[in-house]
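Here is a short tour of the pockets and one surface patch of this protein. Take a look at the structure first, and then read on.

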Amino acid sequence: MERMDKLGQAREPFLFVLSYDLKEQFVQPLSSLDENIFFKIGNQRNYPQKPLNKAYYLKKNPIPFSKYKKALEKILEEIRAGNTYLLNLTFETPIESNLSLKEIFTYARAKYKLYFKDNFICFSPEKFIEIEGNTISTYPMKGTIEASTPNAKEKILANEKEMAEHIMIVDLMRNDLGMVATDIKVEKFRYIEKIKAGDKELLQVSSKISAKLPTNWRENISSILNTMLPAGSITGTPKRSTVEIIKNIENYKREFYTGVFGIFDGKNLYSAVMIRFIENRDGKLFYKSGGGITIDSDAQSEYVELIDKIYLPF
């Protein structure tokens, strides 16, 4: 993490990839980036686009509903005890496809993409933080519905459970920004974005929160990220106790999944949360996905959302 501050102070562009628990960290100047790392962040990319020109398949092998329901019930017990109010529960799902990890990455359509040494890819729709000039902004994303649902936009915005979940995350991210910046403002509250999810389209609900950083922020990039990670949208609130509950309930290690990656371009910083994530372990692929759990969560609906988020965005 100290390398970030040195590169930032020198105004040298770099890529960073940080695991969920910050135990694994990768920071490298763009001028000497490894040949087997590819990224797309907004309009910036370091690989050629290629159209999908062959038939493909995706087979999902999700955990049994009974196992999912048992984990959710444990979370509801913690909520009733006052230890958490919102918790992002995730699982890994074995998948099968005739496409390689690199092919999936190349063909995927997403605002934020990363291919990391054939170990994993992500094609994320969710920004983490963006710093332009001395303004820092974050874009928490909470709330998903299939776009084909009748009156989908009206339903997701009127859903009380989704509203409560989103308000809690916005409040958490306001607090996180308040630890590194001043003059915090919620610029946009619960706006809708449409994303491609395989043969479906999803509507996702986001907000934009901005604040002002001191002028020397480029010398303290590591401190900003350390303070704000892990991201509130993929943990929950209150963050510290919720992270401990996640550790006890989830039956696998997230590792880079739900971490963040981004670039510093010499002036500004752009980053994304590593969701929509596929990991390669010994030639087998695992898709990691999840969603937010509150006291009003329905096990069957949350289980369906977990599976719906397993897709290839072609």
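## Pockets and a patch

Helix α8 is the top contributor to the lining of the second largest pocket, giving 5 residues. This is a predicted model, where local features need pLDDT of at least 70, side-chain atom pairs count only at pLDDT 80 or more, and totals for chains, interfaces and linings use all residues. Residues are numbered from 1 along each chain as its sequence is written, and side-chain values use heavy atoms, without hydrogens or water.

A pocket here is an open set of points on a 1 Å grid where a 1.4 Å probe fits, with protein on both sides within 12 Å along at least five of seven lines, and lining residues have an atom within 4 Å of a point.

| Pocket | Volume | Lining by class |
|---|---|---|
| Largest | about 530 Å³ | 4 nonpolar, 1 polar, 11 charged |
| Second largest | about 390 Å³ | 4 nonpolar, 4 polar, 9 charged |

Around the second largest pocket there are 17 lining residues, with Thr 144, Glu 162, Ser 301, Glu 302 and Glu 305 closest to the centre. Two or more residues each come from β11 (141-146), α4 (152-158), α5 (160-178) and α8 (299-308). The largest pocket has 16 lining residues, and Tyr 20, Asp 21, Lys 23, Val 243 and Lys 247 lie nearest its centre.

Now to the surface: Ile 167, Val 186 and Phe 189 make a nonpolar patch of about 240 Å². Patch residues have over 30% relative accessible area and no salt bridge, and nonpolar side chains are joined within 5 Å. Phe 189 sits in strand β12 (residues 182-197) and is partly exposed (between 20% and 50%), at a relative accessible area of 41%.

Notes. Patch = residues over 30% accessible without salt bridge, like charges linked within 9 Å, V, L, I, M, F, W, Y side chains within 5 Å. Areas by Shrake-Rupley, 256 points an atom, 1.4 Å probe, with all protein chains shown as cover. Salt bridge = Lys/Arg side-chain N within 4 Å of Asp/Glu carboxyl O. Helix = DSSP H or I, 4+ residues; strand = E, 2+ residues; numbered from the N terminus. Buried < 20%, exposed > 50% of the residue type's maximum accessible area, 1.4 Å probe, protein only. Points joined across faces, edges and corners; volume = space filled by probe spheres on them. Nonpolar A, V, L, I, M, F, W, Y, C, P; charged D, E, K, R; others polar.
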